[in-house]
Amino acid sequence: MTEFVVDARVRLPVDRRKPLDGPPPALRRQRYDQLLNMSEKVAAGTTPALLAALREQGVHRAVVHAEYEGAEDAAALTEATAALVGEHPDLFSGFGTLTMPPPTAGSAAREVRACADAGLIGVNIQPAFAGMDIHDRRLYSGYARAEELGLIVALHTGVSYSRVYPIAHERAEFLDQVACDFPDLRLIACHGGWPWVTEYCAVARRHPTVYLELGGLSPKYVMRPGTGWDVLAGYLNNLLADRVLFGTDWPIFDHGRALREWRAAGVREEALHRLLGGNAAELFGLAR
């Protein structure tokens, strides 16, 4: 079986983003640099570097996410993502983003429409970075419009290393509520929802519209007993084999390392093919 590899989430390269004076508010008092060396990685995450990484590691497609973390222009991020996809339509698909928190009740819906009009396939939002729950009612016009237009919504889930807002905003039952209220809306739980892995697995098992994306994570630790990923590690081969997505969160995690570790993780061959690209091809409508 030919291995078709899709990175379900890479960050919009730094040279496509307008520079800011200091970190966005949600990232102040952060531990990203101490734990992930994030600033250095982001600074090196240029468009040429991304193109080279995908080519060198044999990644067939990548989904570029415009991640809004505050103090940025969400419309400009969406437009920059659409421009990159337009330059490389055979390599990239894209997710735009929304202003957080939405300034008005209807603004989320309008910004989702703008993502669709730009030719993007989804919307990336990070409610907790604005002190919002995943099921905050201010987001509901956006969810409704995305469901109507057939766009996918990707949400940051699980622990973050910003110390501004509590991680409780990203609990699995909040995503479950959104999936209940919008039964046709396809949802991606980015980063897989640790430390609520069991609960997120239950939400994905319960809702055929919910997927778990594993970007920014070391596969060897996901598969190591006792790290909190045990339920997902057990279900990768069976109950959730069709609901998991390979991602790197590039430039935070290296493609070569991620692929090496997944291929050495002991995942059943058919499940590995689904994880590395098969599920993404179906979800994103990609030709192999």
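The second largest cavity has a volume of about 40 Å³, a cavity being a set of points on a 1 Å grid over the protein atoms alone where a 1.4 Å probe fits but cannot get out, and a volume being the space filled by probe spheres set on the points. The model is predicted, so that local features need pLDDT of at least 70 and side-chain atom pairs count only at pLDDT 80 or more, while totals for chains, interfaces and linings use all residues. Residues are numbered from 1 along each chain, and side-chain values use heavy atoms, with hydrogens and water left out. The lining of this cavity (residues with an atom within 4 Å of a point) consists of Arg9, Glu67, Asn124, Gln126, Leu155, His156, Cys190 and His191, of which two are nonpolar, four polar and two charged.

The largest nonpolar core (buried nonpolar residues joined through side-chain atoms within 4.5 Å, buried meaning under 20% relative accessible area with a 1.4 Å probe, protein chains only) comprises 74 residues, among which Tyr143, Leu232 and Trp262 touch the most other members. Helix α4 (residues 74-87), a DSSP run of H or I of at least four residues, contributes the most to this core, with six residues. A separate core of 16 residues includes Ala8, Ile152, Ile188 and Leu286.

In helix α6 (residues 140-149), Tyr140, Gly142, Tyr143 and Ala146 are buried; seen down the helix axis, the buried residues fall within an arc of 155°, and therefore line one face of α6, the arc being that of the directions from the axis to the C-beta atoms. Just after α6, Gly150 adopts a positive phi of about 80°.

Technical notes. Buried means under 20% relative accessible area, exposed over 50%, partly exposed in between (1.4 Å probe, protein chains only). Helices (H or I, at least four residues) and strands (E, at least two) are DSSP runs, numbered from the N terminus. On a 1 Å grid over the protein atoms alone, a cavity is a set of points where a 1.4 Å probe fits but cannot get out, and a pocket is an open set with protein on both sides within 12 Å along at least five of seven lines; lining residues have an atom within 4 Å of a point. Ala, Val, Leu, Ile, Met, Phe, Trp, Tyr, Cys and Pro count as nonpolar, Asp, Glu, Lys and Arg as charged, and the others, Gly among them, as polar.
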